[in-house]
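Let's take a walk through this model together, starting with a pair of helices and moving on to strands and cysteines. Keep the structure open beside you as you read.

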Amino acid sequence: MISDLIHRRDKTKYKLGSNCNIKIFTDDAVKRITRNYSTLIGKGPSGEVYRGILDYDQVAVKRYIHRSSREEFMEVISICSHMSHKNLVKLIGYCIEDSTLIIITEFISRGNLDDILYNSAISIPLDVRLGIAIGCAEALSYIHSMKLSSSDSFLCHSAIKPTNILLDDNLTAKVSDIEMSRLLLGGITQYSAFVRGSTEEGYLTTESDVYSFGAVLLELMARKRVKRGDINLIVTFRKVCEKRKGLMELFDTTVARENDMKTLKEMGKLAMECLALDIHKRPQMSDVVKRLRVLKKVLKERHAKCSESILATHLAWSNNSKQDISMPRFISIVHIAKGCGIFMGNRSNSNILSELGSLRIFTKVELNDITQNFSDLLYGGTSAKVYKGTLEDNTVIAVKKFFEVLEDFKEAFINGGIILSQLVHKNIVKLVGCCLDADTTPIFVYEYAAKGSLSDVLDGQEDFPLHLRVKIAIQTAEALEYLHSSSTGGVIRHGYIVPSKILLDNNFLPKLTGFSGSKRLVRDTKINSGYNVISSCLPTDELYTDAILDQCAQLKVKTDVYQFGVLLLVLISRKNFMSYADHHHLIFECIAAYEAENSGKAFFDVDIGADEEIFVLEEIGRLALKCASMEVDERPTMKEVAEHLRIIGRSWKPTFGIWN
């Protein structure tokens, strides 16, 4: 039946672009995703934003009214496809046809900062506002630091304002409209009739973003719009600063407490520097982040001395709002390895350097602060414990603290860290940083997944409907498809796809983790065997064609395909397993069911399998057995598996009310 489904493709099918992480959609596909643009959630001068559903997840679909240059748009889209930052809204895909210019991004739950500030009466503590400012500043600093194809070219956002700063459930800032960013070639400013905040009116630079951020910072402190009729908050603030009196009256009365005035004044001073008319006197965004972090640290220490829990005020604000509608140190993995004393003498430092990303290096003191002295235990295993924490920008994180580090694990950390630090995919867990203080074992900091692991859900009592299982299957397959594609800088074999290595957020969005056993299969021009990780499978005194080398690499990643097949069996049966030492019974049980009745019904979870679901379960069961075939050559590629699952998902029209 799978083969029949493949031929039922229609215009709603989307294609994968050159970067497998960004999808190209057709007009018809966008209409299907948005139910013909039925739910408008935002409107601005550049276009309209609609709610959509893609692979069982909510997405935001922005349809532009006009655009001056499609070529410029596509150039920035290409750059955005390689961006990965916790404070940027993730780009999912785009549509660019004759009469259409559309982008599709992740959906951010709490709306924008403008609505929170001006269309809500809830109280927002000062530490939360500082966190929002830090998140926005971090995003801009990241954008300004983007490495482009030309060494003297750079990027600026060009549209920083409260409506373009979105907030998630944890009040973490997510800067949107990245696709509106401007590419400034050769270091030359770009002219725009609508740019403000520049000494030379109309010329766009990264300093224009700094100016815009200063205005946002003022709005966060005052909870007043920059322009209200004839009143200009920036002009008023400048006059008050010059007179050095009346400053307290400008701040929002809910945060203008005597104990916090020093912090507010420092924030105001920083805002004025960002708003300097001379662009050369404005600070860099990296310096802004540094100063805001110091302010939040001082604020927290001051509240602690007053026996006032800043965390408690944050949680109280978060609970109430649901009822109402120092610069981080970054270091490469090379330095991490050297710090652990684990660089092997026969490894090529230059080869490793070419693959590295950057991680934030936390101190032990910082992690004690972030985790409230490791007080909120999420998971305790035999080798490590995982604790919940909150970063300065309100981002919730998971902190994994090991009891001891074995030599084999140290080398695995290098491999896994190098690989994970460079991956950009919504279904792959993000490594935020680590701690390498001399008196402790390594501690790793990851993005937080509220539901825990798939293994936890399978063993729990929570209702687990089929549409969530299909969603997890599709998106985990897409993560593996991405790993096996050339867009990752080589072919990556994960090596250990088990339920405990798939984390789930509150919306059951899967996040693949556990990369310590992963291998990157990349071409090595210095040896004849072609792929440096698989050189042992080919003699080194012969030359091989690219086809033979690619085939050898594909054989390596077919292990992932097998393990994913077993994972599919787990999803449709809810029969969990801890390791691959005890998984064979799943395959034998499923085969026996199909052989006995030409159906897998006896194998399926009794809590699912209604008449309208049997077709989906049967198709997934057959696909799983094909993936888990003992004949390696008979296993499909993950690209084929992901496409089969997408077709199954599109052919099934569940009525679980996802649009409600």
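Helix 5 and helix 10 cross in a left-handed manner. This is a predicted model, so please read what follows with that in mind. Helix 5 covers residues 126–144 and helix 10 covers residues 285–305; their axes lie 8 Å apart, at an angle of about 160°. Because of that angle, helix 5 is roughly antiparallel to helix 10. On the side of helix 5, the contact draws on residues including L126, L130, A133, I134, A137 and L140. Helix 10 contributes, among others, M285, V288, V289, L292, L295 and L299. Polar and charged side chains can be found in the list as well: D127, E138 and H144 of helix 5, and R293 and K296 of helix 10, are among them.

Now turn to strand 7, residues 100–106. How many of the seven residues of strand 7 are buried? Seven of the seven are, so this strand is largely enclosed by the rest of the structure. Two of its pairings are worth tracing. Strand 6 (residues 91–97) runs antiparallel to strand 7, and six bridges join them; here Y94 stands opposite I103. Strand 5 (residues 57–64) also pairs with strand 7 in the antiparallel sense, over five bridges. In that pairing, R63 has I102 of strand 7 as its bridge partner. As background, strands of a sheet pair through backbone hydrogen bonds, either parallel or antiparallel.

Further along the chain you will come to an open sheet of three strands, with antiparallel pairing and the order 23-25-26. Its edges are strand 23 (452–453) and strand 26 (510–512), each of which pairs on one side only. Between strand 25 (residues 502–504) and strand 26 there are three bridges, again in the antiparallel sense, and L503 has K511 of strand 26 as its bridge partner. Helix 17 (residues 466–483) lies across strand 25 and strand 26, and runs at about 30° to strand 26.

Let's finish with the cysteines. How many disulfides does the structure hold? The answer is zero. Why is C435 not bonded to C434? The closest cysteine sulfur to that of C435 is in C434, at 7.6 Å, which is too far for a bond, because a disulfide needs two cysteine sulfur atoms within 2.5 Å. C435 has a relative accessible area of 0%, so it counts as buried. C156 is also buried, because its relative accessibility is 0%.

Methods. Residues numbered from 1 in each chain as written. Predicted model: local features only at pLDDT ≥ 70, side-chain atom pairs only at ≥ 80, totals over all residues. Heavy atoms only, no water. Buried < 20%, exposed > 50% of the residue type's maximum accessible area, 1.4 Å probe, protein only. Helix = DSSP H or I, 4+ residues; strand = E, 2+ residues; numbered from the N terminus. Pairing = 2+ DSSP bridges. Axes fitted to C-alpha atoms, helices over the stretch in contact; angles between N-to-C directions. Parallel < 35°, antiparallel > 145°, perpendicular 65-115°, else oblique. Left-handed = near helix turned anticlockwise from the far one by under 90°. Contact = heavy atoms within 4.5 Å.
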